[in-house]
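Please load the model in your viewer and keep the selection panel open. The tour below goes from one selection to the next and says what is found at each stop.

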There are 2 protein chains.
Amino acid sequence: MIRFDSGNLLLPPALLNRYRRQAAAAVESFREKSENGLHGFPHLPFQDQAIAEVRRYAASCKGRFDAICLIGIGGSALGAWTLDCALRRPGQPRLVILDNVDPALIGSALDSMNPRRTLVLVTTKSGSTAETIATYMVVRRWLGQNLARQVVAITDPEKGDLLEIARREGCPVFHVPPNVGGRFSILSPVGLLPGALIGVDVRKLCAGARDMTRLCWNTAPGENPALEAALAHYLMLDKKGKTIQVVFSYSSLLWGLAFWFRQLWAESLGKEGRGQTPIAALGVTDQHSQVQLYLEGPNDKVFTLWAVGGHRSLKIPKAFPDLDSCGYLAGQSLGRLFDAEREATTEALTRYRRPNCTVTLPRVNAYYLGAFLQLLEFQTAFMGELMRINAFDQPGVELGKRITYAKMGRKGY
Amino acid sequence: MIRFDSGNLLLPPALLNRYRRQAAAAVESFREKSENGLHGFPHLPFQDQAIAEVRRYAASCKGRFDAICLIGIGGSALGAWTLDCALRRPGQPRLVILDNVDPALIGSALDSMNPRRTLVLVTTKSGSTAETIATYMVVRRWLGQNLARQVVAITDPEKGDLLEIARREGCPVFHVPPNVGGRFSILSPVGLLPGALIGVDVRKLCAGARDMTRLCWNTAPGENPALEAALAHYLMLDKKGKTIQVVFSYSSLLWGLAFWFRQLWAESLGKEGRGQTPIAALGVTDQHSQVQLYLEGPNDKVFTLWAVGGHRSLKIPKAFPDLDSCGYLAGQSLGRLFDAEREATTEALTRYRRPNCTVTLPRVNAYYLGAFLQLLEFQTAFMGELMRINAFDQPGVELGKRITYAKMGRKGY
């Protein structure tokens, strides 16, 4: 299964032990809220009927589309991008995500697709997100006709303007459970439907998430990776002043996941003047961009390295054996170099006394990705419990929305 | 020209005035080093011969290649990506950047290109960067033959293994001036050559950079945007404790630039336990991901919004006028919504007393991008002077390199 190694955080065992009871209480408290129906994400991978509906619909689309165009923003887009980055396979429709109203993005994206061969997914839980509605109005005109066969809505099952729009267009609707917020919705149709449409095995994704969910209800020390990670980060933030968490993904396949996690961690925990600022970094690339700052800049960061196994086999051929910078590489695998650089970064961080931990996925596939998604969601929920903060709202984004409405002349603002 | 508006930083004029003499001294001190040949970036856009050689070579490649494959990492890659993001035009060869040794990236990139129709650029200033050399050895085998006609080296004019490799392959070499470091090299062949090969007007790019360079030697208050920005950020870091700078790009065309700047700022200033951690954010997308944290999380950030004019014209068509979330949008332009959201974010940040400033580009084209690149490089150099830090080295990255060499069995490590 996925491994969490916190040895290089240099947390004294006595400190960890002092918080064991609080950590167990965090699990119990969150479990109660979840069982009472307040928070739905732990249940998503067990919803066989929703998963089957997604698979049925995706199967009915097979061969009909060259592009899946997803209109959504924030939690409505990042889950699909995560799956596309990690699990994309050749020969499947291309995923085009319209998660911005920048005319440069929308214009060039529309130029790149064929309106007769594009399926449009419109995702907004509230049904009224300004960016999503505006983009849909533009895309709708671009599609021209066949809206009932080329548009799918993903929204609340009972209310909101998108539900009404879907009714008028006559297009299918998939539901976001009301007790699941956008950033926790990847295993609902919000992520599963675009995933299935680009060929992701959503059954395996949910199987991994189910197995992880069972681990995440455990309160025994060392048995629950989400709890271990939450406790470690709570102590790094609260006791060690590490106000920044760098997620250092040593897998380009998990680059989308790093941005998905960045929303999860920032929006869930950044409130009441508290929170930990997440940063996405990519190994080995950012060794040549950010590591100078990480090692010799302010010691205000905790590092979470993501390591993966199962590299594609690629050997470095022999060439120029007499040159110093070539000879030692010849005949070794590229994956070995990649791993050695991650290990070297870990050692360098540790020698500079920069606390770091490593999460290891045996390989990047649907099963382990599903498990990792669920681990990160539980970790965030537990962190909220430990911080005594509501990890499931986002009151700060309302002001900007209201000012935008006023500027655009929406009635009542 | 480009405008820098620092009104919302809420810096008392008395404080700014107290540092005016120090700011002018920073310009003089850096100017002296630059004129003595210690730092070359201010001179790059004036090097007509180098620019002409790049253009000649690019013209000779016209129509021969479907893909330009750039092998390089850090400053050898981010400049090209910046130009590709901002100025990419349809009908030009695709730019494929191999800036990682992740086998997943290299494998799928090679699968996606035709070796007979690909021009390979290999960029490393030292000539021995492990990632670049290893990747070249893999790509060289994939190319098969015609190395002299399909490989170009970009490296130091006098030394290093890549220079020797180029000699043996019989392929052309372009030079990185010895007094220009990787992260300051975008206006040398490191950035100009890939730019020209994908159709960027490098003459206009350099014209913008030249005009900005002239402004950047000015010491009169308010006349030098790079100095104003450096002074403002110096005070935000040193006097106001803003240890994080969020670059909030309200242009998806400038997303590559945000990552280029992230290296420039982090690697130049993150040393001796000091520095300011840069974060790249994208408007409006990250309003639905990071703004909750920005407004209600710790007040440890200064925000730099990048605004652009000249939006592509895209109107929001009329649809569902009776629905609350549609009616007010109908008939307005998408660009207006995009701008209104940026203005709303600025207002929300200011109301929450989060210091923010805005840089405005009249439009995203080669001229203004060139000017902006040079502005940001001067700003970084001046910030180094104000901090009394050497902005042009990166001593912290050596340890990780040495550990990697040892793990890979390189002789002498």
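A salt bridge here is a side-chain nitrogen of Lys or Arg within 4 Å of a carboxyl oxygen of Asp or Glu. This is a predicted model, in which local features need pLDDT of at least 70 and side-chain atom pairs count only at pLDDT 80 or more, while totals for chains, interfaces and linings use all residues. Residues are numbered from 1 along each chain as its sequence is written, chains are lettered from A and ligands numbered from 1 in the order in which they are written, and side-chain values use heavy atoms, with hydrogens and water left out.

**Stop 1: the interface**

Select B:Arg262 and A:Asp286. Their side chains form a salt bridge, 3.2 Å from N to O. Between chain B and chain A the count is 10 salt bridges. On the chain B side, helix α15 (residues 334-351) gives the most to the surface touching chain A, with 12 residues; helices (H or I, at least four residues) and strands (E, at least two) are DSSP runs, numbered from the N terminus. That side of chain B has 51 nonpolar, 34 polar and 31 charged residues. In this classification Ala, Val, Leu, Ile, Met, Phe, Trp, Tyr, Cys and Pro are nonpolar, Asp, Glu, Lys and Arg are charged, and the others, Gly among them, are polar.

Now select everything at the boundary. In contact (heavy atoms within 4.5 Å) are 116 residues of chain B and 116 residues of chain A. The two chains bury about 9800 Å² between them, 63% of it on carbon and sulfur atoms; buried area is the accessible area (1.4 Å probe) that two parts lose on being put together, summed over both.

**Stop 2: chain A as a whole**

Hide chain B. Chain A has 17 helices and 10 strands, and its C-alpha trace spans about 60 × 60 × 45 Å along the principal axes. Of its 413 residues, 64% are buried, where buried means under 20% relative accessible area, exposed over 50% and partly exposed in between (1.4 Å probe, protein chains only). Among contacts between residues at least 6 apart in sequence, 79% join residues at least 24 apart.

**Stop 3: charged pairs in chain A**

Select A:Asp393 and A:Lys271. Their salt bridge has its closest N and O atoms 2.8 Å apart. A:Asp393 sits in the loop between α16 (366-387) and α17 (398-408), and A:Lys271 in the loop between α12 (255-269) and β8 (277-282), so the pair ties together parts 122 residues apart in sequence. Buried or partly exposed: which is A:Lys271? At 3% relative accessibility A:Lys271 is buried, whereas A:Asp393 is partly exposed at 29%.

Move to helix α15 (residues 334-351) of chain A, where A:Arg342 and A:Asp339 lie three residues apart, about one turn of the helix. They form a salt bridge with closest N and O atoms 3.6 Å apart, and both residues are buried. Add B:Lys407 to the selection: salt bridges that share partners join it with A:Arg336, A:Glu343, A:Glu347 and A:Arg351 in one network. Within that network, A:Glu343 and A:Arg336 meet at 3.5 Å, N to O.

**Stop 4: helix α8 of chain B**

Show chain B again and select residues 161-169. Buried in this helix are B:Asp161, B:Leu162, B:Leu163, B:Ile165, B:Ala166 and B:Glu169. Their cover includes α14 (324-327) of chain A, as well as β4 (118-123) and α6 (130-143) of chain B, among others. Just after the helix, B:Gly170 takes a positive phi of about 75 degrees.
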